[in-house]
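Open the model in your viewer and get ready to click along. We will go from stop to stop, selecting a few residues each time and looking at what is there.

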Amino acid sequence: ALDTDRFGVLCANLLGGRYGSTGPTALDPRTGRPYGAGFPPVTPRDQARAEWRLLDALGIDALALVTGGSLGGMVALEIALERPGRVAAVVPIAAPAATGPLAVAWNHLQLELIERLGLEGMALARQLAMTTYRSEADFDLRFGRRAEPDGRPSVVSYLEHQGRKLVARFDPATYRVLARAMDAHDIGRDRGGAVEALRRLGSGTRFVGVGIEGDILYGPAQVRSLVVAAAEAGLVASYREIRSTKGHDAFLVEWEQLTVIFREVLVGVEGVAA
């Protein structure tokens, strides 16, 4: 549905991230050394403002669609809210109006592991995080009670592999910045609550919240609550759900279902053909 022969598609790394935009591994111009733990805290709202600075530099003043999954969905919401009337359709995927206490608790445990154990802690933090990105059904189907030749349960081998992979490509300071950014997410902060925040978008904004079956991190109930708030704010709001055994990470793999959703949204946006 996001056909680059028909639509201009812009995807930028997040402020505070690891792969391009300024983050803890970038050089601090004041010292000539990486920011590291001294990198300032950021929120999804800050990350959205950085995206708008990029759009301004490119001469783009309006968007037909803004979307993303998980933290990307939080930033998508803030991109629309930062400049009301500039976004025709908003499609947050597996993202709530505000991060709930269970997700904050999981992030706290991950950050404590990193704080106390360094890189070993980051590997364990990633393993813990992976259990929240999947579902019980997915783990049952993929691993069951199977074991590796060395006797370890296959699910343990998988988690340890994921931990090693992250240590090889990431760093603790960036992990900390992004986890805390998700903790800070709240579209209603300083805007009078979620409904009042969404009201500023105007009735012409198309709003589709996408939940994921079996998501234990930002589950369907949280996304439905966001859609209800959007409807109360006067938006053309609807809810869609991805059916999958993959849990939270389904937005990374269930492209056929997402294509149907995106095509429906783009058809409904005035002046946009799909």
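Where is Gly38 found? Select Gly38 and you will land in the segment before α1. Keep in mind throughout the tour that this is a predicted model. Is Gly38 buried or exposed? Gly38 counts as exposed, because its relative accessibility is 55% and the cut-off for exposed is over 50%. Now add Leu198 to your selection and draw a distance between the two C-alpha atoms: Gly38 and Leu198 are 34 Å apart in space and 160 residues apart in sequence.

**Stop two: Leu14**

Stay in the segment before α1, but move to Leu14. Leu14 has a relative accessible area of 18%, so this residue is buried; the limit for buried is under 20%. Which residues does Leu14 touch, not counting those up to four places away in sequence? Show Ser21, Gln47, Glu51, Leu71 and Val75 to see them. For a distance across the model, select Ala64 too: from C-alpha to C-alpha, Leu14 and Ala64 are 20 Å apart, with their places 50 residues apart in sequence.

**Stop three: two helices that cross**

Next, colour helix α1 (residues 44-58) and helix α2 (residues 71-82). Two packed helices are described by the distance between their axes and the angle between those axes. Here the axes come within 8 Å and cross at roughly 65°. The crossing of α1 and α2 is right-handed. To see the contact, show the side chains of Pro44, Arg45, Gln47, Ala48, Arg49, Glu51 and Trp52 on α1, then those of Leu71, Met74, Val75, Glu78, Ile79 and Glu82 on α2. How many of the residues in this contact are nonpolar, polar and charged? The contact of α1 with α2 has 7 nonpolar residues, 1 polar residue and 5 charged ones. You may recognise some names from the last stop: Gln47, Glu51, Leu71 and Val75 are among the residues that Leu14 touches.

**Stop four: aromatic pairs**

Now look for rings. A pair of aromatic rings is described by the distance of the centres and the angle of the planes. The structure holds 5 aromatic pairs. One of them joins Tyr19 and Phe170: the pair is tilted, with 6.3 Å from centre to centre and 50° between the planes. Tyr19 lies in the segment before α1 and Phe170 in the loop between α5 (154-169) and α6 (172-183), so this pair ties together parts that are 151 residues apart in sequence. Phe170 counts as buried because its relative accessibility is 15%.

Select Phe143 and Tyr158 for another pair. Their ring centres are 5.1 Å apart and their planes meet at 45°, so this pair is tilted. Phe143 sits in the loop between α4 (136-142) and α5, and Tyr158 in helix α5, 15 residues apart. Phe143 and Tyr158 are both buried. Add Phe139 to the view, and you have a cluster of Phe139, Phe143 and Tyr158 linked by ring pairs. Then show Arg142, which lies over the face of Tyr158 at 4.7 Å from the ring centre.

**Stop five: Thr174**

Move along to helix α6 and pick Thr174. Thr174 has a relative accessible area of 0%, so this residue is buried. What is in contact with Thr174, leaving aside its neighbours within four places in sequence? Select Gly16, Gly17, Arg18, Pro24 and Thr25 to find out.

**Last stop: two positive phi values**

Most residues other than glycine have a negative phi. Go to Ala94, in the loop between β2 (87-93) and α3 (101-133). Phi of Ala94 is positive, near 50°. Ala94 counts as buried because its relative accessibility is 0%.

Finally, select Asp190 in the loop between α6 and α7 (194-199). Asp190 is not a glycine, yet has a positive phi of about 60°. Is Asp190 buried or exposed? With a relative accessible area of 72%, Asp190 is exposed.

Definitions and conventions:
Residues are numbered from 1 along each chain as its sequence is written. This is a predicted model: local features need pLDDT of at least 70, side-chain atom pairs count only at pLDDT 80 or more; totals for chains, interfaces and linings use all residues. Side-chain values use heavy atoms; hydrogens and water are left out. Axes are lines fitted to C-alpha atoms, for helices over the stretch in contact, and angles run from 0 to 180 degrees between N-to-C directions. Helices (H or I, at least four residues) and strands (E, at least two) are DSSP runs, numbered from the N terminus. A crossing is left-handed if the near helix is turned anticlockwise from the far one by less than a right angle, and right-handed if clockwise. Contact means heavy atoms within 4.5 Å. Ala, Val, Leu, Ile, Met, Phe, Trp, Tyr, Cys and Pro count as nonpolar, Asp, Glu, Lys and Arg as charged, and the others, Gly among them, as polar. Buried means under 20% relative accessible area, exposed over 50%, partly exposed in between (1.4 Å probe, protein chains only). Rings of Phe, Tyr and Trp (its six-membered ring) pair if their centres lie within 6.5 Å; planes under 30 degrees apart count as stacked, over 60 as edge-to-face and the rest as tilted. A charge sits over a ring if NZ of Lys or CZ of Arg is within 6 Å of the ring centre and within 35 degrees of the ring normal.
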